[in-house]
Amino acid sequence: MPCKNENRQRPITIAFRVSEELNETINLLVAASGMTKQDYIVSKLLDQEITVKPCPSVQAALREELREVAKQLNRLRKGESPSEHLLETCDMLSEIILGLRNAPDTCEIDEEDRSFRNLRR
């Protein structure tokens, strides 16, 4: 049985409607952040910085989105023009991926690999 609203840590509900394209954009940004949708939206509303930390779930979300973009780009080979939403999605993905590329490596496996490479006989 779900608890009553007054017993919740966050008892107030805030809801709003968005278009299908905006929903897809929000879902992409949320997946890339590794945060929950609620935490992501609250962070953005409070103008807090969001740091994307490379992890398997973020990589999987980006891979899936890149597959979808690749499908749409293949469709464009037939002479169709790209939609504004597709162009915006490509821009967002490139910003996220370039940001991850410049992110410091915090993976333990990468650190171990570096230490093995630096070993001297």
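Which residues are exposed on the other side of H3? They are Pro-56 and Lys-71, and the side of H3 that holds its buried residues is described further below. The model discussed here is a predicted one, and it shows a protein with 5 helices and 0 strands. Read from one end of the sequence to the other, the pattern is α-α-α-α-α.

**The protein as a whole**

- The protein has 121 residues, and 16% of them count as buried.
- The accessible surface of the protein amounts to about 10300 Å², and carbon and sulfur atoms account for 51% of that area.
- Among the contacts in the protein with a separation of 6 or more, 53% join residues that are 24 or more positions apart.

**Helix H3 and its two sides**

- Helix H3 runs over residues 56-76, and its 21 residues reach 30 Å from the first C-alpha to the last, which is close to the 30 Å expected at 1.5 Å a residue.
- Four names make up the buried residues of H3, namely Val-58, Leu-62, Val-69 and Leu-76.
- These buried residues cover an arc of only 25° around the axis, and therefore they lie on the same side of H3.
- The cover over the buried residues of H3 includes H1 and helix H4, the latter spanning residues 84-101.
- On the other side of H3, by contrast, Pro-56 and Lys-71 are exposed; for Lys-71 the relative accessibility is 54%, and it counts as exposed because that value is over 50%.

**Salt bridges within H3**

- A search of the whole structure finds 3 salt bridges, and two of the pairs described in this briefing, Glu-64 with Arg-67 and Glu-68 with Lys-71, have both partners in helix H3.
- The side chains of Glu-64 and Arg-67 form a salt bridge with an N to O distance of 2.6 Å, and the two residues are 3 residues apart in helix H3, about one turn of the helix.
- Both partners of that pair are partly exposed, Glu-64 with a relative accessible area of 42% and Arg-67 at 45% relative accessibility.
- Glu-68 and Lys-71 meet through their side chains in another salt bridge, at 3.4 Å from N to O, and they too are 3 residues apart in helix H3, about one turn of the helix.
- In this second pair Glu-68 is partly exposed, with a relative accessible area of 35%, whereas Lys-71 counts as exposed at 54%.

**A salt bridge between separate parts of the chain**

- Asp-39 and Arg-10 also form a salt bridge, in which the closest N and O atoms are 3.8 Å apart.
- Asp-39 belongs to helix H2 (residues 37-45) and Arg-10 to the segment before helix H1 (20-33), so this salt bridge ties together parts that are 29 residues apart in sequence.
- Asp-39 counts as partly exposed at 32% relative accessibility, while Arg-10 is exposed, with a relative accessible area of 52%.

**A nonpolar patch on the surface**

- Ile-12, Ile-14, Phe-16, Val-18 and Leu-22 together make a nonpolar surface patch of about 550 Å².
- One of the residues in this patch, Ile-14, lies in the segment before H1, and Ile-14 is exposed, with a relative accessible area of 72%.

**Pairs that are distant in sequence**

- Glu-24, which has its place in helix H1, counts as partly exposed at 39% relative accessibility.
- Between Glu-24 and Thr-89 there are 9.1 Å in space, taken from C-alpha to C-alpha, although the two residues are 65 residues apart in sequence.
- Gly-99 is found in helix H4, and at 43% relative accessibility Gly-99 counts as partly exposed.
- Gly-99 and Thr-51 are 48 residues apart along the chain, and their C-alpha atoms are separated by 9.6 Å.

Key:
Residues numbered from 1 in each chain as written. Predicted model: local features only at pLDDT ≥ 70, side-chain atom pairs only at ≥ 80, totals over all residues. Heavy atoms only, no water. Buried < 20%, exposed > 50% of the residue type's maximum accessible area, 1.4 Å probe, protein only. Contact = heavy atoms within 4.5 Å. Areas by Shrake-Rupley, 256 points an atom, 1.4 Å probe, with all protein chains shown as cover. Salt bridge = Lys/Arg side-chain N within 4 Å of Asp/Glu carboxyl O. Patch = residues over 30% accessible without salt bridge, like charges linked within 9 Å, V, L, I, M, F, W, Y side chains within 5 Å. Expected span 1.5 Å × (residues − 1). Arc of directions from axis to C-beta.
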